[in-house]
Amino acid sequence: MENLLSLSFDYLSSFDGVKIRKGLRQLEGLLAQLCLSRTTTAAERRRSMAPDGVSKPGPKDLASLSKDPAFLEFFKLQEGFEWNVAIRLISCLERLLGKGSNGQNDLLLVSTLDLLRGILLIHPPSRALFAREIYMNLLLDLLDPSSCPAVQSSAVLTLVTALLDQPNITRCFENLDGLLTVTSLFKNRATSREVKLKLVEFLYFYLMPETPPHAGPEKVDGEGGLRRSPSKASKLGNGSRSKSEGEEGTRTTDEKQRLLGRYLNNVEDLVEDLKETAPFGASFG
């Protein structure tokens, strides 16, 4: 496994798009072997047949995945810097972002973001990387109005994955004017409808109440031209009320509503809709 990862990392570190694509495909193939089940019986193969007649394996159930020696070996490798896939994908994103926007580069950005989301779900501790301002800024830079809609949509989904069950990373997102970035893109007339829908979904996700880390079982799961200052780390003041140290900086929905209300009107309507629908069994006491 180390040999395959090493070869993939070599390709990802290249400035050649063909080599980067090859590295991404190798990693995707490795994750597919780890997470997808193999059909063995004729009945299973028939059930897994796609309309085009191609057999597509389904995901392994969590119980079997947690006991899979290959998956456990991969998970253990992710604990160290040398074999951590997320950090390599983030470095690849940095290089791709520096090359500007064009068709082939945008496709590589989307593929890299898709793979990064998978890694963050498979290995939740890797989400801690986005507590660092430089990496959170990278995601926010991908939400620039000049990015193509596919990159913007994929970046929003990756941002959700990075913030999932991570209050401290959400504070980093807020401190770096992440709410300003998201709402500015939402209010921009040039933003596509698909991206705006993704942004609304993100705001619903953001407004959900937080619990301290490890408080429960881990889930596997205007128009005014405002712009975020790159690498800006604004302080938690400016009228916002923070939690005590013992609560690990978590925020309630009401607190988040006040923060979001600085940049967006009618946030109370979003909150009321959120409380009414209670997605994912969320409790709004």
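In the predicted model, Phe-74 touches Met-1, Leu-5, Leu-30, Leu-31, Leu-34, Val-85, Ile-119 and Ile-122, with residues up to four places away in sequence left out of the list. Phe-74 also belongs to the largest nonpolar core, which comprises 71 residues. Together with Leu-5, Leu-89, Phe-130, Met-136, Phe-173 and Phe-202, Phe-74 ranks among the residues that touch the most other members of this core. The greatest contribution to the core comes from helix α7 (residues 103-122), which supplies 9 residues. In soluble globular proteins, nonpolar side chains tend to be buried together.

Aromatic contacts were examined next. Across the whole structure, 5 aromatic pairs were found. One of them joins Phe-173 and Phe-202 in an edge-to-face arrangement, with 5.5 Å between the ring centres and 70° between the planes. This pair connects distant parts of the chain, since Phe-173 lies in helix α10 (residues 167-175) and Phe-202 in helix α12 (residues 193-207), at a separation of 29 residues. Both Phe-173 and Phe-202 are buried, and both are named among the core residues with the most contacts to other members. Ring pairs further link Phe-173 and Phe-202 with Phe-205 and Tyr-206 into a cluster.

Two aromatic rings are associated with a positively charged side chain. The charged end of Arg-95 is placed over the ring of Phe-15, at 6.0 Å from the ring centre. Lys-196 is positioned over the face of Phe-186, with a distance of 5.9 Å to the centre of that ring.

Note on methods: Residues are numbered from 1 along each chain as its sequence is written. This is a predicted model: local features need pLDDT of at least 70, side-chain atom pairs count only at pLDDT 80 or more; totals for chains, interfaces and linings use all residues. Side-chain values use heavy atoms; hydrogens and water are left out. Rings of Phe, Tyr and Trp (its six-membered ring) pair if their centres lie within 6.5 Å; planes under 30 degrees apart count as stacked, over 60 as edge-to-face and the rest as tilted. Helices (H or I, at least four residues) and strands (E, at least two) are DSSP runs, numbered from the N terminus. Buried means under 20% relative accessible area, exposed over 50%, partly exposed in between (1.4 Å probe, protein chains only). A charge sits over a ring if NZ of Lys or CZ of Arg is within 6 Å of the ring centre and within 35 degrees of the ring normal. A nonpolar core is a set of buried Ala, Val, Leu, Ile, Met, Phe, Trp, Tyr and Cys residues joined through side-chain atoms within 4.5 Å. Contact means heavy atoms within 4.5 Å.
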